[in-house]
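User: Please take a close look at the empty space enclosed in this model, and relate it to the open space and to a few individual residues. I would like the cut-offs behind each term as you go.

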Amino acid sequence: MKVTGDQALVKKINKSIILHTIRMHSPISRAKVSEVTGLNKATVSNLVAELCGQQLVTEAGPGESSGGRKPLMLHFNEMAGSVIGIELRVKQLKAVLCNLGGGILHERDSVLENHDFPYVLGQMQQMISELIATAAPSHYGLVGIGVGVPGMVDEQGVVLFAPNLGWEMVDLRSILESAFAVPVTIDNEANAGAQGELNFGAARDVRHLLYISAGSGIGSGIIIGGELYKGARGYAGETGHMTIEAEGKPCSCGSRGCWELYASEKTYDNPGLTLPARTTTGLVKYALEGQPDTLSHFNSIGEYLGIGVTNLINSFNPELIVIGGALSEAEPWLGEPLRRVVAERTLPYHKQQLEITFSRLGSRGTMIGAGFSAVMHFLGNIRVTL
């Protein structure tokens, strides 16, 4: 099939390529932009001038010279606007106001007392309004809102099924866009977390990545060939509901023995446990003191995380596994049993050149990634596939 485009489309594509090159490599000279993109210097110069006029790119003073006049360096203008990134958890709502470069400007969080949609929506709208009020004046103002939710989301931003919330067919994007009159992106929270790590965290320049969001449930963001993989209908990554115990505990999804029943914060509510706290943050404090029940439970969670991670490694053969979400706070106690189980159970060739690490963004990865999706929507991340 022949693919063609008029001059306006070609210009739009080239402009997007130049902008994202500057965003990723700032500060950078025009000559280096030309070298990296393969575009001629005249094209780069003309389109950079337009980007400067739009206040998305700024010039600052001279860089290193290889002979002759020192070049002016180009910078991505992170403060040209702002975005809000939100993570909806089972028991908590968290949000950040970020600049266009992913830098956190303000942060909010609140406890969710129930999952009734009108109540959660009210909490979300209040949090968004508070963050908008804190935003400093900028050229573009608030350019978008990104939300990561623990469930299946379609391309129209409808939450199809979120078993841990009891939600089905919730048109969250349309509701928020009507309320705040800015573009809204909705995605699975693990996909958002993967984007956060890929662009700002432990997974920069990684081509094959599995991001495991371990908190109130478990989900996975899958990066294949540097691109987020969503599957045929957009629902890939619901790994928390893969069965690891054939006749295991019943799950809210309707199945049994799901991974997240054994390796997430759901385990804190298991009857018979004598834990001194029922949150990861609370348990970390006791783990630091060497409290035996806490240490034993973190060891169990780590082992079960290792079992599920082994299945994913054998299936996808990634180069990097990143453990994120609320449980990443317990890295000192989860890391050893997780890696031990993976070493014991993973196929030998799959272990070669494999790295397992915990999120550098900690529990903020999903919020930052959700905000990044809103930034990309604003900047017009054009891709052409032949």
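Analyst: **The enclosed and open spaces**

Around the centre of the largest cavity, the nearest residues are Pro 150, Glu 189, Ser 216, Gly 217 and Ile 218, and they belong to a lining of 23 residues. The model is a predicted one, in which local features need pLDDT of at least 70 and side-chain atom pairs pLDDT 80 or more, while totals for chains, interfaces and linings use all residues. Numbering starts from 1 along each chain as its sequence is written, and side-chain values use heavy atoms, without hydrogens or water.

On a 1 Å grid over the protein atoms alone, a cavity is a set of points where a 1.4 Å probe fits but cannot get out, a pocket is an open set with protein on both sides within 12 Å along at least five of seven lines, and lining residues have an atom within 4 Å of a point. The volume of the largest cavity, meaning the space filled by probe spheres set on points joined across faces, edges and corners, is about 200 Å³. Strands E4 (82-88), E12 (209-214) and E13 (218-224) each give at least two residues to this lining, where strands (at least two residues) and helices (H or I, at least four) are DSSP runs numbered from the N terminus. By class, the lining of the largest cavity holds seven nonpolar, ten polar and six charged residues, with Ala, Val, Leu, Ile, Met, Phe, Trp, Tyr, Cys and Pro taken as nonpolar, Asp, Glu, Lys and Arg as charged, and the others, including Gly, as polar.

The count of cavities of 30 Å³ or more is two, and the second largest cavity has a volume of about 30 Å³. Its lining consists of Val 83, Cys 98, Leu 100, Gly 101, Gly 102, Phe 200, Ile 368, Gly 371, Phe 372 and Val 375, and helix H12 (residues 365-379) contributes the largest share of it, four residues. Seven residues of this second lining are nonpolar and three are polar, with no charged residues.

Turning to open space, the second largest pocket holds about 510 Å³. Its lining numbers 21 residues, and Lys 91, Gln 92, Glu 265, Arg 278 and Thr 279 are the closest to its centre. Strand E5 (92-99) and helix H8 (280-288) each provide at least two residues of that lining, which divides by class into five nonpolar, eight polar and eight charged residues.

Among individual residues, Arg 256 sits in the loop between strand E14 (227-229) and helix H7 (260-263), and its relative accessibility of 40% is why Arg 256 counts as partly exposed, since buried means under 20% and exposed over 50%, with partly exposed in between (1.4 Å probe, protein chains only). Leaving aside residues up to four places away in sequence, Arg 256 touches Thr 243, Glu 245, Glu 247, Gly 248, Lys 249, Pro 250 and Cys 251, where contact means heavy atoms within 4.5 Å. The side chain of Arg 256 also reaches the backbone oxygen of Gly 248 at 3.1 Å, while the C-alpha atoms of Arg 256 and Met 242, 14 residues apart along the chain, are separated by 9.1 Å.

Cys 253, with a relative accessible area of 26%, is partly exposed. The closest cysteine sulfur to that of Cys 253 belongs to Cys 258 and lies 3.7 Å away, too far for a bond, and the structure holds zero disulfides (pairs of cysteine sulfur atoms within 2.5 Å).

How values were computed. A polar contact is a pair of N or O atoms within 3.5 Å; within protein, one must be able to donate a hydrogen and the other to accept it, and residues adjacent in sequence count only if both atoms are side-chain atoms.
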